[in-house]
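Q: I have a structure open and would like to talk it through with you. Can we start where the protein meets the DNA?

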Amino acid sequence: MNSIKIAARQPIDIEQTLQSGQVFRWNKIGEWYYLVINHNLVSIKQESLEDILVRSETLSGLDLETAVNDYFRLDDDIEYIYKSICTDKHIRSAIQSYRGLRIVRQDPWECLVSFICSANSNIPRISSNMTNLAAAYGNKLHLDEHSNYSFPSPHQIFQAGEQQLRELKLGFRARYVAAAAKFVLYGECDLDSLKKLSYEESKQTLTLISGVGQKVADCVLLFSLEKLQACPVDRWVRRAMEGWYSIEPNLSYEEISSWAINRWGPFTGYAQQYLFQQKRLEVSN
DNA sequence: CAGGTC
DNA sequence: ACTGG
């Protein structure tokens, strides 16, 4: 067992980050969060707002620190980002409530499947879909007495086929997930290589996939392909824009998204994530 | 009714 | 159009 402490020197809130609708396969057991990073089962405990403990069987030392740093984007200068997006009282209030919430850098293939599954669904159901996929076709990983699965490859999901995916309760999304697996598997699109392209070019490539429209593409770009200006506009973000920024209800996705990018600049994705969290959680209070 | 898409 | 939290 390898155990290290990471001093982020800036706010990192593991709970807020994991429950902000970016990541769908993690468990909390006691004070420890278990999640899979690069095919390694890792557990994380929050020590303070800037310090975390990390444990793993398969990664150690610098490899473990690097994996966790990359995943939670701990190299982002979050205080600078806060300053650059803090244009008004609504953002200020959201930052105050959710300080330490990070945009993650997750595996692009798992991220793509997650958000194809997000269509007309909800976070508990997306989690269920992703957990079912991993348990059915992934490889089992162990840490302590706990286990989880690596996310199945495009090949493993393509082999499964649409009918089996339907049996995992994906519904009409099964066809899109199967199509995406085929698209990636046959090399029409190497997802990691999209990091090198511009925001516009990589988005255009992603939307070639059936089941991937502007919203799903923006989520994949923001949460896995390092396009921090991407602004996914879902029901909650649209409500936030209409209620707090007097955006007309009939504006198109494109109009809202570019309005946001024009207002918040290169870190619009962070602004979007804080507004999303604020709007989504204010209703349940 | 749900972090949409065709 | 699927369906389950």
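**The surface near the DNA**

A: Gladly, and please keep in mind that this is a predicted model. Helix H10 (214-223), helix H11 (235-245) and helix H13 (268-284) each contribute at least two residues to the surface near DNA strand B.

Q: Which residues come nearest to DNA strand B?
A: There are 28 residues around DNA strand B, and of these Gly21, Ser121, Asn122, Ile123 and Gln272 come nearest. On the DNA side, sugar and phosphate make up 59% of the atoms of strand B that come within 4 Å of the protein.

Q: And how many of the surface residues are charged?
A: Four are charged, while twelve are nonpolar and twelve are polar.

Q: What does serine 20 do there, I mean, which part of the DNA does its backbone lie by?
A: A backbone N or O atom of serine 20 is 3.1 Å from a base oxygen of DNA strand B, whereas a polar backbone atom of lysine 215 lies 3.4 Å from a phosphate oxygen of that strand. Aspartate 234 has a polar side-chain atom 3.2 Å from a sugar or linking oxygen of DNA strand B.

Q: Switching topic: how many disulfides are there?
A: The structure has zero disulfides. For cysteine 111, the nearest cysteine sulfur belongs to cysteine 219 and is 7.1 Å away.

Q: Why is cysteine 231 not bonded to cysteine 219?
A: Their sulfurs are 9.8 Å apart, which is too far for a bond, because a disulfide needs the two sulfur atoms within 2.5 Å.

Q: Last one: is serine 202 buried or exposed?
A: Serine 202, which lies in helix H9 (residues 199-206), is buried, because its relative accessible area is 0%.

Note on methods: Residues numbered from 1 in each chain as written. Chains lettered and ligands numbered in written order. Predicted model: local features only at pLDDT ≥ 70, side-chain atom pairs only at ≥ 80, totals over all residues. Heavy atoms only, no water. Helix = DSSP H or I, 4+ residues; strand = E, 2+ residues; numbered from the N terminus. Buried < 20%, exposed > 50% of the residue type's maximum accessible area, 1.4 Å probe, protein only. Near = heavy atom within 4 Å. Polar contact = N/O pair within 3.5 Å; in protein donor to acceptor, adjacent residues only side chain to side chain. Nonpolar A, V, L, I, M, F, W, Y, C, P; charged D, E, K, R; others polar.
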